[in-house]
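Let's take a walk through this structure together, one region at a time. Have the sequence and the 3D view open as you read.

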Amino acid sequence: MELAQITNVVHDIDRAVKFHRDTLGLPLLFQAPNSLAFFQVGSVRLMLSPPENPSQDHPGSVLYLKVKDIESVHRSLAAKGVQFVDKPHRVHAAADYDLWMTFFHDPDLNPMALMEEKRKA
């Protein structure tokens, strides 16, 4: 079993597409006018959709985007207007790598993070 698709609730699909495609640089697979948009994030498809009912109208799970050179990606996204909650920082030290993260939100307040596993020498 593997994770194939995840959905995040958005209220303005065009704004969400611009953020995910133009700001984050995620590949847009396709968009249905005024309703859904699908992005490829590694091997997982991300669906952006308005809530179908009130019980679905809440922020989604944290999406962790694995990157190389977290500091550089952080600077690049901050220059594009992404407002980060924190700066890249080490959250865990494993035997062969340090795990670094930094957190932000999409325009609909869905939590997101950049993460990098920095290999130890």
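The paragraphs below go from a sheet and its helix to a hairpin, and then to some side chains. Please keep in mind that this is a predicted model.

A good place to begin is the open sheet, where four strands line up in the order β1-β4-β3-β2 with mixed pairing. At its edges you will find β1 (5-9) and β2 (28-32), each of which pairs on one side only. From one strand to the next, the twist averages 20°. For a closer look at one edge, follow β1 to its partner β4 (residues 44-49): these two strands run parallel and are joined by five bridges. If you would like a single pair of residues to find on screen, V9 has S49 in β4 as its bridge partner. Now look for helix α1 (residues 13-23), which lies across β2, β3 (36-41) and β4. Its direction is at about 15° to β3.

Next, move along the chain to β6 (residues 89-93), which pairs with β7 in the antiparallel sense over four bridges. A hairpin of three residues joins β6 to β7, and A93 has D98 in β7 as its bridge partner. In the loop between these two strands, β6 and β7, sits D96. Is D96 buried, exposed or partly exposed? Its relative accessible area is 41%, so D96 counts as partly exposed. Beyond its neighbours within four places in sequence, D96 is in contact with K118, R119 and K120. To relate this loop to the sheet we began with, compare D96 with L29: their C-alpha atoms are separated by 36 Å, and the two residues are 67 residues apart along the chain.

K118 is worth a second visit. Its charged end sits over the ring of W100, 3.8 Å from the ring centre.

Finally, let's turn to the aromatic rings. How many aromatic pairs does the model hold? The count comes to three aromatic pairs. One of them is formed by Y64 and F103, and why is this pair called edge-to-face? The ring centres are 6.1 Å apart and the planes stand at 85°; planes over 60 degrees apart count as edge-to-face, so the pair of Y64 and F103 falls in that class. This pair links distant parts of the chain, with Y64 in strand β5 (residues 63-66) and F103 in strand β7 (residues 97-105), 39 residues apart. Y64 is partly exposed at 41% relative accessibility, and F103 is partly exposed too, with a relative accessible area of 25%.

Conventions. Residues numbered from 1 in each chain as written. Predicted model: local features only at pLDDT ≥ 70, side-chain atom pairs only at ≥ 80, totals over all residues. Heavy atoms only, no water. Phe/Tyr/Trp six-rings, centres within 6.5 Å; stacked < 30°, edge-to-face > 60°. Buried < 20%, exposed > 50% of the residue type's maximum accessible area, 1.4 Å probe, protein only. Lys NZ or Arg CZ within 6 Å of the ring centre and 35° of its normal. Pairing = 2+ DSSP bridges. Axes fitted to C-alpha atoms, helices over the stretch in contact; angles between N-to-C directions. Contact = heavy atoms within 4.5 Å.
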